[in-house]
Amino acid sequence: MAKYKNKQKTILGGSGSGARGLLRWTDWPTLLLCLACSVFGLVMVHSATHRAAELAGRTISRDVVIMALAILVGLAAAVVMSFIDYEILLRYWWIIAIGCVLLMLLLFTSLGWAPDIRPDARRWIRLTETLTFQPSELLRLGFIISFTWHIHRVRDNINQIKNIALLGAHALVPFGLVVITGDLGSALVLLFVTIGMLFLAGLKLRWFAAILAMAAAAAPLIWFQFISTFQRNRILALYFPDSLPPEIVARDMYQQNQAMIAIGSGQLTGRGLFNSATHVPLQEHDMIFSLIGEELGFIGAVLAVALLAAVIIRLVLVSSRTRNLRARLLCSGVAFMIGAQAIINIGVTLRLLPVTGITLPFFSAGGSASLTIYLLIGLVLAVFRYQNEHEDTTAYFDYLYN
């Protein structure tokens, strides 16, 4: 009897809830890697904003405060989400999806806000005079949940043309919403996530080739009807500068050129923390990677990329251990999203891609981005917890009846 009780205690660990369950079945490697990225990001955002904060009579800037609060709230929300069966989230996918779409539609009301220099980029909901929220961040979370449910429903017949058309229409709704609001970066991320999840679900390569051909055929329409003049100029200034007047090229390439100067000046070890000397507009947001390269050099830039890569690899490992398609799609969708966003952001900073206005996950300032990234991680924690609790319970009953 004692042996049985000890075995029961060893296998079940007491309970999946409470403090013991929190400690035992929380995916600590993922959480710690994410926190390492966030702490790194907070330090760099403070470095980017401390001079302005001092001029305003503050010790730390408002950007740092908002980012830190969003990380703490997001971390707490991720832990709470880890105790929710992800199947429940999938069951109520339609409520989540409708809520995200309604938030996006608020951008077309008086609550929608765009900066004076980008009146076409109506991406934020103004909550107060100084506080805004970007609903496209939450839209990505809702899309991963709803698209996972949709793919799972048609998984056995995913290569039928009817199901491909319905999945395409599903993806087109959030994609179209973010394009209309001038958020080309989020649209590209959603595109990468869609392709990645469909590939993982078993969509045959010939359909990807067909979709690519249709996209190429529609390129002129997209270029002239859905991409603003401001965005077109950014693309042309980077890849075809001779097609534009020199003053437009100088204006639209200024941010990226300054970022390259900053990174180059950092060399191997950097100028030192809090010692940047190059002006890069919005450095704490879209161009935080340039500050890392300038102050911490090549070594610091490699460390930042390595941390992001470690998070993505960890998410892929969690995904690979899951036993059903739904769980794999949730985890992989988050991995695809973080990976695509990081590649686009760093590609912009290195002048490989045109400016899209997208942040670097975990590192850039922004309350919406910092909060949402931890909600996405909460999905992975929920999968991890469910899988490990299920494995331990299965092991216990295998022991009991064998």
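**Aromatic pairs, cores and a small sheet**

Searching the whole structure turns up seven aromatic pairs (ring centres of Phe, Tyr or Trp, the last by its six-membered ring, within 6.5 Å; planes under 30 degrees apart are stacked, over 60 edge-to-face, the rest tilted). One of them joins F40 and F363, edge-to-face, with 5.2 Å centre to centre and 65 degrees between the planes. F40 sits in helix α3 (residues 28–55) and F363 in the loop between α15 and α16 (367–401), so this pair ties together parts that are 323 residues apart in sequence. Helices here are DSSP runs of H or I with at least four residues, strands are runs of E with at least two, and both are numbered from the N terminus. F40 and F363 are both buried (under 20% relative accessible area, with exposed meaning over 50% and partly exposed in between; 1.4 Å probe, protein chains only). F362 and Y374 make another pair: their ring centres are 5.8 Å apart and their planes stand at 85 degrees, so this one is edge-to-face too. F362 belongs to the loop between α15 and α16 and Y374 to helix α16, so here the linked parts are 12 residues apart in sequence. Both F362 and Y374 are buried.

A word on the ground rules: this is a predicted model, with pLDDT of at least 70 needed for local features and 80 or more for side-chain atom pairs, while totals for chains, interfaces and linings use all residues. Residues are numbered from 1 along each chain as its sequence is written, and side-chain values use heavy atoms, leaving out hydrogens and water.

On to the cores. The largest nonpolar core holds 88 residues, and I151, V334, F362, F363 and L379 have the most contacts inside it (a core being a set of buried Ala, Val, Leu, Ile, Met, Phe, Trp, Tyr and Cys residues joined through side-chain atoms within 4.5 Å). Helix α15 supplies the largest share of this core, 13 residues. A second core, separate from that one, has five residues, among them A237, L244, V249 and M253. Back in the loop between α15 and α16, F362 touches C34, C37, S38, G41, M67, L308, V311, I338, I373, Y374 and I377, setting aside residues up to four places away in sequence (contact means heavy atoms within 4.5 Å).

L244 lies in the loop between α11 and α12 (246–252) and, at 13% relative accessibility, counts as buried. Beyond its neighbours within four places in sequence, L244 contacts N233, L236, A237 and V249. The C-alpha atoms of L244 and V178 are 27 Å apart, with their positions 66 residues apart along the chain. V178 is in helix α8 and is buried, its relative accessible area being 0%. Its C-alpha lies 6.7 Å from that of S136, 42 residues away along the chain. Residues touching V178, apart from those up to four places away in sequence, are M104, S136, L139, D183, S186, A187 and L190.

Several of those partners fall in the next helix. Helix α9 (residues 184–201) has 18 residues and spans 26 Å from first C-alpha to last, close to the 26 Å expected at 1.5 Å a residue (1.5 Å times one less than the number of residues). Its buried residues are L184, G185, S186, A187, V189, L190, V193, T194, G196, M197, L198 and A201. The cover over them includes α7 (135–153), α8 (161–180), α10 (205–226), α11 (229–239) and α15 (325–349). Just past the end of α9, G202 adopts a positive phi of about 105 degrees.

There is also an open sheet of three strands, ordered β1-β2-β3 with antiparallel pairing (strands pair if DSSP finds at least two bridges between them). β1 (112–113) and β3 (132–133) are at the edges with a single partner strand each, so one side of each lacks a neighbour in the sheet. Strand β2 (residues 124–126) pairs with β3 over two bridges, and R126 stands opposite T132 in β3. R123 is in the loop between β1 and β2 and, at 6% relative accessibility, counts as buried. A polar atom of the R123 side chain lies 3.0 Å from the backbone oxygen of G182, and one lies 3.3 Å from the backbone oxygen of G357 (polar contacts being N or O pairs within 3.5 Å; within protein, one atom must be able to donate a hydrogen and the other to accept it, and residues adjacent in sequence count only if both atoms are side-chain atoms).
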